Amino acid sequence: MKVAIIGTGYVGLPTGVGLAELGNNVVCIDKIEEKINSLKSGKVTIYEDGMEDLFQKNVASGRLQFTTSMAEGIKGADVVLIAVGTPPHPVTKEADMKYIHAAATELAQYLDGYTVVATKSTVPVGTGDDVEEIIRKTNPSADFDVVSLPEFLREGFAIHDFFNPDRIVIGANSQKARDVLLKLYKPFEGKTKFLLVNRKSSEAIKYASNAFLAMKIHYINEMADFCEKSGADVKEVAQGMGLDSRIGAKFLNPGPGYGGSCFPKDTNAMAQMGKKYGVHLSLIETTIEQNDLRKEKMGLRALEMVKNNPQARIAVLGLAFKGGTDDCRESPAMQILQEILKHNSNVCVFDPKAMSNAKAILGDKVSYANSALDACQNAELVVILTEWEEFRALDLVQLKKIMKSPNILDLRNMLDAQKAQDLGFAYSCIGKRG
């Protein structure tokens with residue numbers, strides 16, 4: 001099948017690589033000429049574990065192509081996937097639909113023969129109706145169906161998740177459109193669950209899922225705070241909870257708060273949709289408020305550990321919102337770092353993959369290191385903010401030698417607490433009394 005994908009970000013590009021690997025002819029469309037030129041030259045523009053080799057393989061085979069031309073990309077496509085951004089409105093926090101609407105308006109002009117237009121972006125309930133109306137007004141003779149095809153790709157694991165989906169949700173109001181998408185995803189038959197629902201249900205599933213996972217993260221973070229005060233160990237508590245099949249073990253890792261390009265945006269959008277329909281989504285609203293507050297508290301917690309020297313050198317390890325990606329959007333690490341910088345400007349940072357993206361945000365507010373140990377040289381405090389595996393493997397003996405004062409704040413519970421304390425570190429982590 002020929003598939004056109006509008007948008008080459010953290011959803012569009014991994015999806016394009018995956019669909020090409022399944023044998024489809026994929027054209028990825030983006031208005032940013034610099035990005036398309038990089039992709040055409042064989043340079044992957046985002047970091048995703050496992051994507052580089054599949055990208056190169058499918059570009060070489062000709063199954064994966066790139067263009068800035070909507071006309072060229074759409075021509076002859078069986079399926080068009082809209083995977084553009086839906087950023088939060090700066091004031092209302094609603095999902096901003098201008099890129100979706102613009103894509104629908106432009107693609108409508110080039111539809112040729114029956115085409116399934118699928119929204120892959122996370123969009124508010126009712127967006128499919130809007131996209132359908134836009135296309136019909138722009139091109140009244142077009143033969144098409146609009147469907148909702150939500151993505152469930154975790155950043156850092158997008159390639160793995162594409163080939164190992166928990167479920168494939170198809171929100172279509174016509175059997176013809178369902179049949180086209182079932183053909184597209186036929187390689188997954190017998191390997192995962194297919195859920196065929198109406199378009200609005202599909203749009204709601206994505207938001208409901210992300211909001212629930214955000215609440216689960218916030219819940220275990222509150223339990224971690226309780227454990228620190230009461231003397232319980234949150235790791236053991238989470239393990240005991242996770243053994244209950246009704247709860248499950250996933251998303252029970254305490255930390256500095258959720259972040260990234262999805263959870264903050266989607267919880268805010270869900271809360272706004274609730275208000276639109278007159279439904280008070282109190283759990284979601286509380287989760288948003290307390291998660292924002294948590295990041296402020298984590299920044300102040302770091303400063304508390306060096307309160308006797310307000311300009312102590314602080315090493316920050318991790319800037320991406322989680323390990324496995326270079327994405328710094330709504331990163332808890334960056335937000336905590338900004339809180340630290342309000343009171344201390346003597347900060348050195350390191351991240352294995354996200355340095356370029358972080359520099360675009362931080363500029364000259366911090367110094368940048370070439371390695372984790374380099375960042376920690378002469379530091380009076382090391383703060384671990386992202387769960388990169390290389391931080392788990394830090395040589396604590398060497399770390400002790402190069403630090404000015406042996407203080408560690410491990411907000412991802414990466415290190416062996418007992419070993420750190422035995423070596424003489426003042427070690428603080430999440431959910432366990434120091």
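1. Buried means under 20% relative accessible area. Thr-8 has a relative accessible area of 1%, so this residue counts as buried. The model is predicted, and the values below are to be read as computed from it.

2. Thr-8 lies in a loop, the one that runs between strand 1 (2-6) and helix 1 (12-21). The side chain of Thr-8 makes a polar contact of 2.8 Å with the side chain of Asp-30. Beyond neighbours within four places in sequence, Asp-30 is also listed among the contacts of Thr-8, together with Leu-13, Cys-28, Ile-29, Lys-35, Ile-36, Leu-39 and Thr-45. One of these, Leu-13, belongs to helix 1 (12-21) by its number.

3. Thr-119 is another threonine to look at, placed in strand 5 (residues 115-119). Is Thr-119 buried or exposed? With a relative accessible area of 1%, Thr-119 is below the 20% cut-off and therefore buried. Its contacts, leaving aside neighbours within four places in sequence, are Ile-82, Val-131, Val-147, Ser-148, Leu-149 and Pro-150.

4. Strand 7 (residues 167-171) pairs with strand 8 (residues 193-197) in the parallel sense, over five bridges. In this pairing, Gly-171 stands opposite Val-197 of strand 8. Helix 8 (residues 175-184) joins the two strands in a β-α-β unit, and the unit is right-handed.

5. Two backbone angles deserve a check. Phe-251 has a phi near 65 degrees, a positive value in a residue that is not glycine. Phe-251 sits in the loop between helix 10 (234-242) and helix 11 (263-276). Its relative accessible area is 29%, and because partly exposed covers the range between 20% and 50%, Phe-251 is placed in that class.

6. The other angle belongs to Asn-413, where phi is near 50 degrees, again positive in a residue other than glycine. What flanks the loop that holds Asn-413? Strand 13 (407-410) stands on one side of this loop and helix 18 (417-422) on the other. Asn-413 has a relative accessibility of 26% and so counts as partly exposed, since this value falls between the cut-offs of 20% and 50%.

7. To recapitulate the points on accessibility: Thr-8 is buried and Thr-119 is buried, whereas Phe-251 is partly exposed and Asn-413 is partly exposed.

Note on methods. Residues are numbered from 1 along each chain as its sequence is written. This is a predicted model: local features need pLDDT of at least 70, side-chain atom pairs count only at pLDDT 80 or more; totals for chains, interfaces and linings use all residues. Side-chain values use heavy atoms; hydrogens and water are left out. Helices (H or I, at least four residues) and strands (E, at least two) are DSSP runs, numbered from the N terminus. Buried means under 20% relative accessible area, exposed over 50%, partly exposed in between (1.4 Å probe, protein chains only). A polar contact is a pair of N or O atoms within 3.5 Å; within protein, one must be able to donate a hydrogen and the other to accept it, and residues adjacent in sequence count only if both atoms are side-chain atoms. Contact means heavy atoms within 4.5 Å. Two strands pair if DSSP finds at least two bridges between them. A crossover is right-handed if, with the strands pointing away from the viewer, the path from the first strand over the helix to the second runs clockwise.
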